[in-house]
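Student: I'd like a close look at one part of this protein, and then a walk outward from there. Could you take me through it slowly?

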Amino acid sequence: MAVTFHSIPNGYSPSDNPLKYEFSSNQTAQPNFSYIVEINLNGAVIFQSRIFPEVGIYAHYDASDIVKYRIPKPTMGTALSQDNGTLQDLSLTVTENYGTPAINVGTTTSTVTRTWKAGLSDEDFITKDFDTDYVTKKFLTNVPRGTNIQMTRGQDVYLEMIDDSGAVSSFFNFYDSDGILLETLSQNNTFGIWQLNMKDSILDALLTVSIADVAYFTVKIGLFCETLTYEYFDDYCNYPFSLMWMNEYGAKDSYVFKHNNELKASVKESSYRSQFGKWVGNSFVYSVTDSGQIDYVKQIKQSGTITTDYITEEFQNYLVEIFDSPFYLLYDINGYSIAIVVNASSYSFDQSRFDELLMLEVKYDKASSKRSLTL
């Protein structure tokens, strides 16, 4: 009696990609043989299924079809640092079931995989190794490295990284427009997935200098993490907007659209037709002001188009991931945000060798509705 695992998911694996287990038993020749598999999430059994050998004594099971619906969506914290709340312990228990009548016999449980709310493309799923390349080392974003990440004052700006190694510190260095170091800041915490919210009001409450004097800052988590640089975009001549979206890692990215935000609306009316003429007291009178088509309520669909300034091919090819996201918030320069729905059935990865000037348009609808008063 023995169940052997031959393959389990990596130590850190996205919830919405295959979470594949391969296993076998040396008892498959027994009558009425089958495997009973149980998915364990944070120590609790959340699903049970019966499967049969597929190739000789071997079988496989993909837990993602169940797990992806049980992992919570990431939080949107209001502190400088917090856990994003999605990292979970996953394991699979496999039991041999056989005999006449069939009963449970031998049971084996896999080692634990840490899974979180994320979903990569098939290509990225095959090529990315979070255990080696991301945990404690790299932030959960595809933003091109080596460039400053721009942000507007007042907006939430999130940055997330897996660092499941115990208590570690985040490190910030704040600089003025001349590159002079104004202040440093660090916080020590123990999180599965670090989430930083670098909103200017949050930083201002923790600094002795005024955040208004800060032109840019650097950030890293732990000793081995990469360093990213964020700079404030303070040129409000064109009234910029910042778009936040959820990327494939389940983390939130944002980008400042500096060129334009074109607003428009479409109106749909609900109406009825009133006959020409009606009784007023004891007289039947005719009036053109309250007959014919009468609108009693209107639904207004508000939409817009935000446009980048001229950008590089590398940034255009990065920003098209916006269209893949299921979540968006649009911020104005005062930090006021609205939920939107991005409209795009297709997009292209532009090449600068064919077009010297690249821009990106994002067409959207406001998620909230507007209606007139009802008459």
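Student: Leaving aside its neighbours within four places in sequence, which residues is Ser-24 in contact with?

Tutor: Keep in mind that this is a predicted model. Ser-24 sits in strand β3, which covers residues 20–25. Setting aside residues within four places in sequence, the contacts of Ser-24 are Ala-2, Val-3, Thr-4, His-6, Tyr-35, Ile-57 and Tyr-58. One of them, His-6, also meets Ser-24 through a polar contact between the two side chains, at 2.6 Å. Ser-24 counts as buried because its relative accessible area is 6%, and the cut-off for buried is under 20%. For a sense of scale, take Tyr-336, which is 312 residues away from Ser-24 along the chain: the C-alpha atoms of the two are separated by 56 Å.

Now follow the chain on from β3. The loop between β3 and β4 holds Asn-32, and the phi of Asn-32 is near 60°, a positive value in a residue other than glycine. Then comes strand β4, residues 34–41, where you'll find Asn-40. Asn-40 is buried as well, with a relative accessible area of 10%. Its side chain makes a polar contact with the side chain of Thr-93, at 2.9 Å. Not counting residues up to four places away in sequence, Asn-40 touches Val-45, Asp-89, Leu-90, Ser-91, Leu-92, Thr-93 and Thr-109.

Leu-90 is a handy stepping stone from there. Its bridge partner in β10 is Thr-113, and strand β8 (residues 88–99) runs antiparallel to β10, with three bridges joining them. On its way to β9, the chain passes through a loop that contains Pro-101, and the peptide bond from Thr-100 to Pro-101 is cis, with omega near 0°.

Strand β10 itself, residues 113–116, deserves a pause. In a regular strand, side chains alternate between the two faces of the sheet. Here, Thr-113 and Thr-115 point one way while Arg-114 and Trp-116 point the other way, and all are buried. Besides β8, strand β10 pairs with β2 (residues 12–14), this time in the parallel sense and over three bridges. Within that pairing, Tyr-12 has Arg-114 as its bridge partner in β10.

Further along, the loop between α3 (130–133) and β11 (149–151) includes Thr-136. Here's another positive phi in a residue other than glycine, near 70° for Thr-136. Thr-136 is buried, with a relative accessible area of 19%.

Next up is a set of paired strands. Strand β13 (residues 168–175) is mostly covered, with six of its eight residues buried. Eight bridges tie β13 to strand β14 (residues 181–189), and the two run antiparallel. Tyr-175 has Leu-181 as its bridge partner in β14. The hairpin of β13 and β14 has five residues between the strands, and in it Gly-179 takes a positive phi near 80°. Strand β13 also pairs with strand β16 (residues 216–221), again in the antiparallel sense, over six bridges. There, Phe-172 has Val-219 as its bridge partner in β16.

Let's finish with the empty spaces. There is one cavity of 30 Å³ or more, and the largest cavity holds about 70 Å³ of space. Its lining consists of Thr-141, Val-143, Ile-149, Val-157, Tyr-158, Leu-159, Tyr-230, Lys-252, Asp-253, Ser-254 and Tyr-318. The elements giving two or more residues to that lining are β12 (158–162) and β19 (252–257), and β19 supplies the largest share, three residues. By class, the lining of the largest cavity has seven nonpolar, two polar and two charged residues.

The largest pocket, for its part, has a volume of about 640 Å³. It is lined by 28 residues, and the closest to its centre are Met-246, Asn-247, Glu-248, Asp-324 and Ser-325. Two or more lining residues come from each of β18 (241–246) and α5 (313–319), with α5 giving the largest share at three residues. Sorted by class, the pocket lining has twelve nonpolar, seven polar and nine charged residues.

Technical notes. Residues numbered from 1 in each chain as written. Heavy atoms only, no water. Buried < 20%, exposed > 50% of the residue type's maximum accessible area, 1.4 Å probe, protein only. Helix = DSSP H or I, 4+ residues; strand = E, 2+ residues; numbered from the N terminus. Pairing = 2+ DSSP bridges. 1 Å grid on protein atoms, 1.4 Å probe; cavity = no way out; pocket = protein on both sides within 12 Å on 5 of 7 lines; lining within 4 Å. Points joined across faces, edges and corners; volume = space filled by probe spheres on them. Nonpolar A, V, L, I, M, F, W, Y, C, P; charged D, E, K, R; others polar. Contact = heavy atoms within 4.5 Å. Polar contact = N/O pair within 3.5 Å; in protein donor to acceptor, adjacent residues only side chain to side chain.
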